[in-house]
Amino acid sequence: MDMLPWHPRLVHLPIALGVLMPGVAGGVLLAWWRGLFPRRTWVIVVALQVVLVGSGIVAMRTGEADEERVERVVPEEAIEAHEDAAKGFVWVAAAVWLVMLVAVVLPDERAARVVAALAVAGTVVVLVLGYRAGEAGGRLVYEHGAARVFAPQAGTAEESHED
């Protein structure tokens, strides 16, 4: 039976989108601004941000599910630092998504582009917050040994390799 936790499997999608969204959103906005893309293309950016926020929420939930086991080997303040960084990342990403939506529904084209530009700036903030969340998560694993609680019992792996 697979005993690996779900959190590290799922957390890479929101982090990857956090890295990609400034370039995607900025590129779509630039093309929209220059008339290469119609305004409705911005909906692609909004949809990707929804995936970022949704997968971020799922990643937070799976992290919370693993927290009790990890608390056995990791100091509480290190777990809280990661959790706080992750919450900041996801909730700011959700706020940026709302700004993106405003750009979709504003009737004035110029105002919509200005709001979209604010959303692009927001994606950079989300990128920084995602980096901080990932860095704090990396500390849990690599400095505090959080992965140990999910490792097979001592001797089991060695015995299977001796055959």
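How do the residues that line the largest pocket divide into nonpolar, polar and charged? In this predicted model, the lining comprises 20 nonpolar, eight polar and five charged residues. The pocket itself encloses about 830 Å³ of space. It is lined by 33 residues, of which H7, P8, H82, G137 and L140 are the closest to its centre. Two or more lining residues come from each of the helices α1 (7-10), α2, α3, α4 and α5. The largest share of the lining, eight residues, is contributed by α3.

The largest nonpolar core has 29 residues. Within this core, W42, V45, L52 and M100 have the most contacts. Helices α2 (12-33), α3 (42-70), α4 (76-105) and α5 (109-142) each give two or more residues to the core. The largest share here comes from α4, with nine residues. A second core, separate from the largest one, consists of eight residues, including V74, L140, V149 and F150. L140 is thus named both in this second core and among the residues closest to the centre of the largest pocket.

The contacts of M100 were examined with neighbours within four places in sequence left aside. On that basis, M100 is in contact with M21, W42, V45, V46, Q49, A119 and T123. Two of these partners, W42 and V45, are listed with M100 among the residues with the most contacts inside the largest core.

Helix α4 has 30 residues. From its first C-alpha to its last, α4 reaches 44 Å, close to the 44 Å expected at 1.5 Å a residue. The buried residues of α4 are A78, I79, H82, A85, A86, F89, V90, A93, A94, V96, M100 and A103. The elements that cover them include α1, α2, α3 and α5. H82, buried in α4, is also one of the residues closest to the centre of the largest pocket.

Two alanines of α4 were considered individually. A78 lies in this helix and counts as buried because its relative accessibility, 15%, falls under the 20% cut-off. Leaving aside residues within four places in sequence, A78 is in contact with L140 and H144. A78 and L140 are 62 residues apart in sequence, yet their C-alpha atoms are 6.7 Å apart in space. A81 also belongs to α4, but its relative accessible area is 37%, so A81 is classed as partly exposed. Between the C-alpha atoms of A81 and R132 the distance is 9.5 Å, with 51 residues separating the two in sequence.

In helix α2, L17 was examined in the same way. L17 counts as buried because its relative accessibility is 9%, and the cut-off for burial is under 20%. Not counting residues up to four places away in sequence, L17 touches L48, V51 and L52. One of these partners, L52, is among the residues with the most contacts inside the largest core. The C-alpha atoms of L17 and Q49 are separated by 7.8 Å, although the two residues lie 32 places apart along the chain. Q49 is also one of the contacts of M100.

Key: Residues numbered from 1 in each chain as written. Predicted model: local features only at pLDDT ≥ 70, side-chain atom pairs only at ≥ 80, totals over all residues. Heavy atoms only, no water. Core = buried A, V, L, I, M, F, W, Y, C linked by side-chain atoms within 4.5 Å. Buried < 20%, exposed > 50% of the residue type's maximum accessible area, 1.4 Å probe, protein only. Helix = DSSP H or I, 4+ residues; strand = E, 2+ residues; numbered from the N terminus. Contact = heavy atoms within 4.5 Å. 1 Å grid on protein atoms, 1.4 Å probe; cavity = no way out; pocket = protein on both sides within 12 Å on 5 of 7 lines; lining within 4 Å. Points joined across faces, edges and corners; volume = space filled by probe spheres on them. Nonpolar A, V, L, I, M, F, W, Y, C, P; charged D, E, K, R; others polar. Expected span 1.5 Å × (residues − 1).
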